[in-house]
Amino acid sequence: MIKKITLFFILLINITTAQNIIQKEIDTDVSSATVFLDGAQIIRNKSIYLEKGTYEIKFQNLSPYVEEKSINMGAIGEKLTILSVNLQKSFTEEYKNPTNIVKLKIALEKLESKRILEQTYLDVVHEDIAFLKENRNLNGKNEALSVSNLKEASNFFNSRLTNLKLKEIEHYKTINELNNDINNTKKQINEFSKENNFDLSDIIVKIENKEASNIQFNLSYLVKNAGWYPTYDLKASSTKTPIQIVYKANVHQDTKVDWKNVKLAFSSSNPNTSAIPPKLKTYYLDYNLPPPSYNQTINEVSGLILDEENSPLPGAYVILQGTTIGTTTNFDGKYSLSVPNENQNLEISYIGYLTKIVPVNSSNINIKMEPESASLDEVVVVGYGKKQSEASNKDIINQLSGKVAGISTNNTMPKTFTKRNQSTTFNIDTPYSIPSNNKNNIVEMINNEIPANFHYFSIPKVEESAFLIAEITDWEKYNLLNGEANIFFENTFVGKTILELDSQNDTLSISFGKDQNINIKRERNRNLKSKTFFGGDKEELIGWTTIIKNNKNESLNLTIIDQVPITQRKEIEVTVEKTSNGKLDTQTGDVKWLLNIKPNKTEKLDLQYSVKYPKSNNIYIE
């Protein structure tokens, strides 16, 4: 009997304790967001007045993509203790069946009712036609038909059948139109359902407030399905003025929660003609080894991003893997992206689809995405990741002192961020609104004027064009990232280029595209003769002449690069005969000229070399 009474009192105490916990729901807005290259840190602030007591406070209608390990709850109060923090799903019928879906379903029911009615009318018409055909025999059983009666009956039959056939056509037409409307409405419902097929998140905070007071809650966490990449506008009005660089963030988010008037920070963690100057490959000379080929360089890739039904995916993100160079598809699912000279991989991502990695082996690449199914499981965060039943007294003491991972009771909100190599954070002063629609939003971060030295650069062997190159010293202080840039020179859009910062030294070189006022022509000298020596050796004489015409009204500094082959065998001898004062790099075979050409003047460069090798072997010489 004593045991039963004891058990009764224990149960009564537990029930009373549970009843003393006050449930409270809180709606908050996103106050600030730090957007990373992949993901974002969200901060929400809320001040409320709480009486003395134990509370379970629900921060509701949060993104379904909250990363539970990143949750950081700070609270400022006189005598406040945070006991636990839980992350769980929140099922809200309003989000599952938004108004637009309800309206579409009502419209679908009306359309299907109209189709049933039209099908009924059509069935009646078919029965009338069948009845008319069955009774078209005009031979009288008891008396013969006169000619006038026969004519009258024939006219009636033709007129009636014509009317019925016209009605049949109209009903078929109406049914086809209704079928199209029904299919389109169903497709819209499926699209809206796909967009709203998610569960929002709630964060449940259990606290003990020992004294009535105002409590300042500061909540931060990381979310997926958000990110940004940099692009630039590079403008130069002439070669005598500084470069204006407009640094822009292309930000997108589909966290299922709109960001309204949010303080943003960004952390780094077409013309068809390309403005990217070419690069030389070392010219190795050997038996049966052809000269290096340059026609495989891909400086721009474009194509379509499609879903599983081969429909275009607008707003899909296309990034060069491992870089910050990227773009988004337009309304028709099309994309276009400049790429460096080296081969790269495209990384394509879209909400609800598996991320794809595709090598850039063609200038036109169409990609079909595959859908994924993902669900958010309920997660409980209590005392170093233990379940509630496993939390020991020591864990609870640690919780009360603010030592539990992800919980803070300090007077200031702890700052958390993802550490990246050479990471930089850009704080935006003006608040922005970024809706949760995965569309690209451009935010201007920095607008600077940067001093630069201009010169021209050309490799006529690869392309007979002169590229205007701007060189910037101390470029590291401008916190630039790899990215695609729109190039404007003399107030004219000349193309796109790429800032490849990983391969830059102390001086950053930026291409401002081709200058059509500089004519360059490289031609083979056909007058040189080959020789054959006694003993089996053969010598070939090779000569190239490059002619540069400056059609500009000012002098220009131009760097010209050509090359001679490098031998890898002792029996093959390469001798440089003439370089027109060009500087030869014996390790790579590159020959460089630094020229200053006056206005409307022409410069001529001769490059000649001989190759001696056993005539019994075959060597490909350009």
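The following paragraphs describe the secondary structure, sheets, cores and selected residues of a predicted model.

Because the model is predicted, local features are given only where pLDDT is at least 70 and side-chain atom pairs only at pLDDT 80 or more, whereas totals for chains, interfaces and linings use all residues. Residues are numbered from 1 along each chain as its sequence is written, and side-chain values use heavy atoms, with hydrogens and water left out.

The protein contains five helices and 38 strands, where helices (H or I, at least four residues) and strands (E, at least two) are DSSP runs numbered from the N terminus. Of its 622 residues, 42% are buried, a class defined by a relative accessible area under 20%, with exposed meaning over 50% and partly exposed lying in between (1.4 Å probe, protein chains only). The accessible surface of the protein, obtained by the Shrake-Rupley method with a 1.4 Å probe, comes to about 35,000 Å², and 47% of that area belongs to carbon and sulfur atoms.

One open sheet is formed by five strands in the order E24-E10-E9-E27-E28, with mixed pairing; two strands are taken to pair if DSSP finds at least two bridges between them. Strand E24 (441-450) and strand E28 (492-499) stand at the edges of this sheet, and each has a single partner strand, so one side of each is left without a neighbour in the sheet. From one strand to the next the twist averages 20 degrees, the axes being lines fitted to C-alpha atoms and the angles running from 0 to 180 degrees between N-to-C directions. Within the sheet, strand E9 (residues 226-236) and strand E27 (residues 483-489) are paired in the parallel sense over six bridges, and Thr231 stands opposite Glu484 in E27. Two loops that adjoin E27 hold residues with positive phi. Asp474, in the loop between strand E26 (463-473) and E27, has phi near 55 degrees, a positive value in a residue other than glycine. Glu490 lies in the loop between E27 and E28 and likewise has a positive phi, near 55 degrees; with 45% relative accessibility, Glu490 counts as partly exposed.

A further open sheet has three strands in the order E16-E13-E19, again with mixed pairing. E16 and strand E19 (367-368) occupy its edges with a single partner strand each, so one side of each has no neighbour in the sheet. Strand E13 (residues 300-306) and E16 run antiparallel and are joined by five bridges, with Ser338 in E16 as the bridge partner of Glu300, whereas E13 and E19 run parallel and are joined by two bridges, Leu306 being partnered by Lys368 in E19. Strand E16 (residues 334-338) is mostly covered, as four of its five residues are buried.

In soluble globular proteins, nonpolar side chains tend to be buried together. A nonpolar core is here a set of buried Ala, Val, Leu, Ile, Met, Phe, Trp, Tyr and Cys residues joined through side-chain atoms within 4.5 Å. The largest such core has 91 residues, of which Phe59, Ile203, Phe217, Trp259, Phe266 and Phe512 touch the most other members. Beyond its neighbours within four places in sequence, Ile203 is in contact (heavy atoms within 4.5 Å) with residues including Ile57, Phe59, Leu62, Val85, Leu219 and Tyr221. A second, separate core of 20 residues includes Ala316, Leu337, Ile367 and Ile498.

Three individual residues illustrate local surroundings. Ser267, in strand E11 (residues 259-267), counts as buried because its relative accessibility is 4%. Residues up to four places away in sequence aside, Ser267 touches Thr34, Val35, Phe36, Leu37, Trp228, Thr424 and Thr425, and its C-alpha atom is 9.8 Å from that of Tyr229, 38 residues away in sequence. Asn438, in the loop between strand E23 (432-434) and E24, is also buried, at 7% relative accessibility. A polar atom of the Asn438 side chain lies 3.4 Å from the backbone oxygen of Gly315. Leaving aside neighbours within four places in sequence, the contacts of Asn438 include His252, Gln253, Asp254, Tyr317 and Tyr350. Lys24, by contrast, is found in strand E1 (residues 21-26) and counts as partly exposed at 34% relative accessibility. The C-alpha atoms of Lys24 and Glu56 are separated by 6.2 Å, although the two residues are 32 apart along the chain.

Note on methods:
A polar contact is a pair of N or O atoms within 3.5 Å; within protein, one must be able to donate a hydrogen and the other to accept it, and residues adjacent in sequence count only if both atoms are side-chain atoms.
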